[in-house]
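Q: Could you take a close look at the surroundings of the ligand, and explain with care which residues come nearest?

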Amino acid sequence: MPKMHPLFRQWPSRMTAWLVLGNVLVIAALIAMTVFSLRSQWRSEEERASQTTDNLAQSLSVEIGAELRNADNALSTIALRFRSARLSREHEDSLMRILDEQESLLPQVDSLSITDIYGHVIAGDGAGEKPINVFDRPYFAQAMMSADMIVSEPLQSRYDGQWCIVLARRLINHDGQFAGITFAVVSSRHFVERFGQLALGTSGAVSLRTDSLNLVARYSAGEPGTTRGFGARNLSPAMLHSLSTHPDHGVYRSHVALDNVERITAYRRLARYPVIVFTGISSQDYLASWWRQVWQQSLLTALVAVAVAGASWLIHRHQRTVQRHQAALAHLAQQQQMMLQNDLIGMVRLQDGKAVWCNPALERMFGYDAGELQDHASRLLFLTDEDHLRVATIGSAAIRAGESYRVQLPMRRKDGSAFWVDVSGMVMSTTESLWMLVDIDKLKRSEESAQQQATRDALTDLPNRRMLEERLADTLLQARRHGDGFTLCYLDLDGFKPVNDRYGHDAGDEVLRQVARRLQELVRNKDVVARMGGDEFAILLPGLSRQQDAEQLLQRVLFSIQRRIQLDNGESVSVNASIGAVIGSGGDEGRDLLRAADEVMYEAKRRGKGRIQVIQPSQLRAASEADARDWAAAA
Ligand SMILES: Nc1nc2c(ncn2[C@@H]2O[C@H](COP(=O)(O)OP(=O)(O)OP(=O)(O)O)[C@@H](O)[C@H]2O)c(=O)[nH]1
């Protein structure tokens, strides 16, 4: 499998980083847009509030200016009438009439009065038995010195103690001499009531100050009845700053010194009179709708930000999952690759009996070059059609039925040599199957060798005693099934020891090998010649049940052994043999037959070596019974 480029390995985490960065930028842009929009809304709200409060200040200044002008006109009229009518103190009725006349024209005025040159009120409110004296009031001296109407600083009335301002004008008698003043008292309450009629929101405020900034009257929507600060100068720095730069009219925003409420305040100085009107709308009021916008837009922005962040997180989590799956897949692919490239297990994928893929291990195992097996029929790997058919039909049917199939069989290398292979298969799809092949040739051969060592005689390569016993058991089984007879012979060489003694052990071995070869040459394929140990051999002859036939064959055997044997050292030796044989049948026991043959052979040897003795089954049984009797007697 090709290795993954580092860029692609890092792709998911990089993508996540870009995603996070992108979303952070989106959220930042969103917040910036919201802030920008709210800021411009705030500015327009403030401009609108400035405009509104300035309009209010302007209309109020016009209105208050008109009231003061009316009062001014009334006082001028009184002064004119006073002079032209040569009125004097004695004509109080005339004075009262003038005052009543003018007072009826001035609803805003609490009282109209006239003093003499000493400040004693001689007509109007404050006159009487104990007349009020206003000589010490600053406005008296100011009025005396001025030809115009004087507007006093705010003061508390000596008549009723209420806060008010006094509008005063001097009186000149017909001689042109100062004759006192006439003054009008306008209570602060009058202004407060007027201001209270205005729409000022929940905490707006309107106030009236003299030129010296003393508070004449103030109405605050938040605390309507208060007279706090009347007559005093509680000023915010913003107000002072604005008045210093724009003395006649202006707008500023500040926390008002009297109640610490933030307001946007407009002011207008009256053109002809030394008073200034202040109108203020609280920030809380004029920014109320803006604050609602702030909440709504902030909530919306937060929701969008949360949605974007949530979506990012989901994408990030998805990427992480994909990344994990990719890593798992890569790991799996790596494992699979390692498995496919292993040296031990050959693998081939077959489609319709043809190799569509195989791993290097398989090619190595069968001796083919890389890719050489591609598209070749699987028959190429089998030794015989029979093997191929067995695997292709029985094996394929088994794995398609969901069963496991495994077989060990010799297969064919490219050079034609055979070797043992363990074959197992599995289904890949309806048309494809995967076969795993393991080279078990060495294992098989060592198994065979072990098997051989267990059942063969190492010197002569003849079957050993164990194998003879197995073949005897098979023969007995056959005899029981089919009633066949057979012959079992025991053969012991005569005069073998002297060969050993004279020519050495190797020569003895050579004699044993040649005797074995001669014995094998004389018997049929189905017969068994076995070496029982030392110079003893056994011959099993299945199907040979007639004594005469047995004797004839054994005679040939004897002749064959008696022929001189040529040794490798150039010498030749001759040995003889004693042969005992028993004709067996299905009723016999293998152990008994072996013992009987051995005994018969010894009997032959006792009678004089180089002899053959064959006995019948009946003789064998008689001998067994005699043995049993002997044993019983002995016991
Ligand atoms: N060279 C060789 N000698 C063996 C082997 N196995 C046994 N012998 C010898 O074979 C001889 C068998 O003894 P015997 O059967 O008494 O010898 P024999 O001369 O044939 O005597 P009789 O049977 O009485 O005629 C012994 O000397 C064993 O040492 C073998 O594998 N190779």
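A: Of the 17 residues around the ligand (each with a heavy atom within 4 Å of it), those that come nearest are N500, D509, R531, K605 and K609. The model is predicted, so local features need pLDDT of at least 70 and side-chain atom pairs pLDDT 80 or more, whereas totals for chains, interfaces and linings use all residues. Numbering starts from 1 along each chain as its sequence is written, and side-chain values use heavy atoms, without hydrogens or water.

Among the polar contacts (N or O pairs within 3.5 Å), a polar side-chain atom of N500 lies 2.6 Å from a nitrogen atom of the ligand, and one of D509 lies 2.8 Å from a ligand nitrogen. L493 takes part through its backbone, where an N or O atom lies 3.0 Å from a ligand oxygen. Taken alone, the ligand exposes 650 Å², of which the protein buries 68% (Shrake-Rupley, 1.4 Å probe).

The elements (DSSP helices of at least four residues and strands of at least two) that give two or more residues to this shell are strand β17 and helices α12, residues 497-503, and α13; the largest share, four residues, comes from α13.

Strand β17, residues 486-494, is joined by nine bridges to β22, residues 576-584, and the two run antiparallel; T487, for instance, stands opposite I583 in β22. Both strands belong to an open, mixed sheet of five strands, ordered β18-β19-β17-β22-β23 (paired by at least two bridges). Because β18 and β23 stand at the edges, each with a single partner strand, one side of each is left without a neighbour in the sheet.

How values were computed. A polar contact is a pair of N or O atoms within 3.5 Å; within protein, one must be able to donate a hydrogen and the other to accept it, and residues adjacent in sequence count only if both atoms are side-chain atoms.
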